[in-house]
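Dear colleague,

Please find below the structure that I am handing over to you. My notes on what was found in it follow directly after.

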Amino acid sequence: MRRLFLPLILLAAPLFLAAQSVSKEGIKLAQSLSLIESAYVDTINSENIAGAAIRAMLKELDPHSSYVPAAEVAESREGLEGNFEGIGVTFMMLNDTIMIDQVIQGCPAEKSGILPGDRFTHVDGKAISGVKMKLSDVPKLIRGPKGTTVNITVFRPSINETIEFKLTRDKIPIHSVDAAFYVAPGIGYIKVSSFSVTTAEEFSQALNTLSKSGKLQSLIIDLQSNGGGVMNAAIQLASNFLPRGREVVSMRGVHLPTQVSKSEGYKQYDIPVAVLVNEYTASASEIVSGALQDWDRATIIGRRTFGKGLVQRIFPMNDGSEVRLTIARYYTPSGRNIQKPYKGGVDNYYKDIENRYKHGEMVNPDSVQFPDSLKYSTLLKHRTIYGGGGIFPDIFVPLDTAFNTPLYRKLVAKGIITKSCRLYTDKNREKLIKQFADFEAFNVGFNDEDKIRKSIEDEAKKEKIEFSKKDIEEIANTILVQAKAIIAQSVYGPEYYYHVISPLNDELQKAIQFMTNK
């Protein structure tokens, strides 16, 4: 982590020194805060007022400049660091009870004997279940510095007993490569969910494992819904497929000299590559997609990406808070600006995805018209590609209509599919483990779909969601495959979610077809 953030802090210092010559507007802001503190009718919280003022200023600039209070800084960095310190469990709220969903292998909870399905009752003597505690407050009690201890009390339904554990906290890895396996003969698949400081190493290990089998003929990299993260990780990932010294991305800003980042010359995998993207693929994911498309190194499959190409630098404040200020824009090697327009304001900016639905872009690529000014060429084969914000795919895949029905959206919004699956798994975990020795046996032999479907329908009725038999039939296959994937994830491990869900991933199926015929 020190390697990532220290350069940002050092680069920030000259700007703060320059800011000692305060403008008239800066003096006005300081006077306003002093006036409120000294003359306002009620006692005020100066920290909250100052934070609100900073946020309001940043909102006038762009959608991604942000202010992080001191209390939230450590938590906000966890995803970038690739780890946190705690006991190594994931959990969910189930009927006002905190239920452990997964136990991370090799972490303190697993070593001590805590099991999926256990219910948290107390942490260091404090009751946390049945007391209407917010789920977001639980990590604050469980996490802590490596080497410190925490006393956990759980209720284990399978033996109807309460058990106490004393755990010593440790570093808990956050994996950004969620799955790596063969989706078809000779076709490898790697799912990358985010970009952290550990992503490049995780990706290289996954790629090496697939390659060592001697069967790897082509590769699909899944960046769907990957919101980005650390830029260096994107450059390192792209370096597996680009010769040393090729431009991956450039940064340009009024106060920042143009900076060009180039491929680092890793072991080259000279195989066909496809990259899966969608409307939630953003930032570092767009750097990878744009670079591999510009150099004719990969075929981009899916829908136009989000269009987040603004570079933030962290400026630490004297109270431990941070301002993350946009200082530059990302450009692909062909010169395309990744950032989509945001002149209509922040609110309109975040309605862009909704507008794409309304304008038909999610189902028909011809709904987007490109002026000549947005046409670019790839750097080797001189194919036409497009700018204007985001990365436009080489092969368009329309959104599956089953994911966009009113009933499906309501089920997802209320968390009903996930809740029904957790309830089923909680009641049947031991039975599943006894019945199916491993995931392969489960994948072939699981046949409890009718029970799960009834549970989903019952939960929907409890939530007063109205639907007809036709409505549920329209999405039945979709929700049942999802349900099976969620159960597989909970019982056998996170990677197996992607094994089960792959038939519903139209982008993946299109990529398999493309690679098979290549």
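Throughout this message, helices (H or I, at least four residues) and strands (E, at least two) are DSSP runs, numbered from the N terminus. Helix α7 covers residues 199-212, and E201 lies in it. With a relative accessibility of 52%, E201 counts as exposed; the classes are buried for under 20% relative accessible area, exposed for over 50% and partly exposed in between, using a 1.4 Å probe and protein chains only. The C-alpha atoms of E201 and V177 are 9.6 Å apart, with the two positions 24 residues apart along the chain.

Two remarks on the origin of the values are needed. The model is predicted, so that local features need pLDDT of at least 70 and side-chain atom pairs count only at pLDDT 80 or more, whereas totals for chains, interfaces and linings use all residues. Residues are numbered from 1 along each chain as its sequence is written, and side-chain values use heavy atoms, with hydrogens and water left out.

**Helix α8 and its partner**

Helix α8 (residues 231-238) is largely enclosed by the rest of the structure, because seven of its eight residues are buried. The buried residues of α8 are M231, A233, A234, I235, Q236, L237 and A238. The axis of α8 comes within 8 Å of that of helix α9 (residues 284-294), and the two cross at roughly 30 degrees. Here axes are lines fitted to C-alpha atoms, for helices over the stretch in contact, and angles run from 0 to 180 degrees between N-to-C directions. The helices α8 and α9 are therefore roughly parallel to each other; angles under 35 degrees count as roughly parallel, over 145 as roughly antiparallel, 65 to 115 as roughly perpendicular and the rest as oblique.

On the α8 side, M231, A234, L237 and A238 meet A284, I287, V288 and L292 of α9, where contact means heavy atoms within 4.5 Å. The residues of this contact comprise eight nonpolar, no polar and no charged. In this scheme Ala, Val, Leu, Ile, Met, Phe, Trp, Tyr, Cys and Pro count as nonpolar, Asp, Glu, Lys and Arg as charged, and the others, Gly among them, as polar.

**The nonpolar cores and helix α16**

A nonpolar core is a set of buried Ala, Val, Leu, Ile, Met, Phe, Trp, Tyr and Cys residues joined through side-chain atoms within 4.5 Å. The largest one has 47 residues, of which I220, L411, F442, I479 and I487 touch the most other members. Helix α16 (residues 469-492) gives the most to this core, with 12 residues. Leaving aside neighbours within four places in sequence, I479 is in contact with Y408, L411, I417, I456 and I472. Another core, of 45 residues, lies apart from it and includes V177, L207, W295 and Y330.

Which residues of helix α12 meet α16? They are L407, Y408 and L411, and their counterparts in α16 are D471, I472, I475, T478, I479 and Q482. This contact divides into six nonpolar, two polar and one charged residue. The axes of α12 (residues 406-413) and α16 come within 9 Å and cross at roughly 40 degrees, which makes α12 oblique to α16.

Helix α13 (residues 416-435) also packs against α16: their axes come within 9 Å and cross at roughly 50 degrees. That makes α13 oblique to α16. The residues of the contact of α13 with α16 divide into 11 nonpolar, five polar and two charged. Among those of α13 that meet α16 are I417, C421, R422 and L432.

**Individual residues**

M99 has its place in strand β4 (residues 97-103) and, at 1% relative accessibility, counts as buried. Leaving aside neighbours within four places in sequence, the contacts of M99 include T90, F91, D118, R119, R422 and D426.

Two residues that are not glycines have a positive phi: S225, at about 60 degrees, and D296, at about 55 degrees. S225 sits in the loop between β12 (218-222) and α8, and is partly exposed at 45% relative accessibility. D296 is found in the loop between α9 and β16 (299-302), and is buried, with a relative accessible area of 15%.

With kind regards
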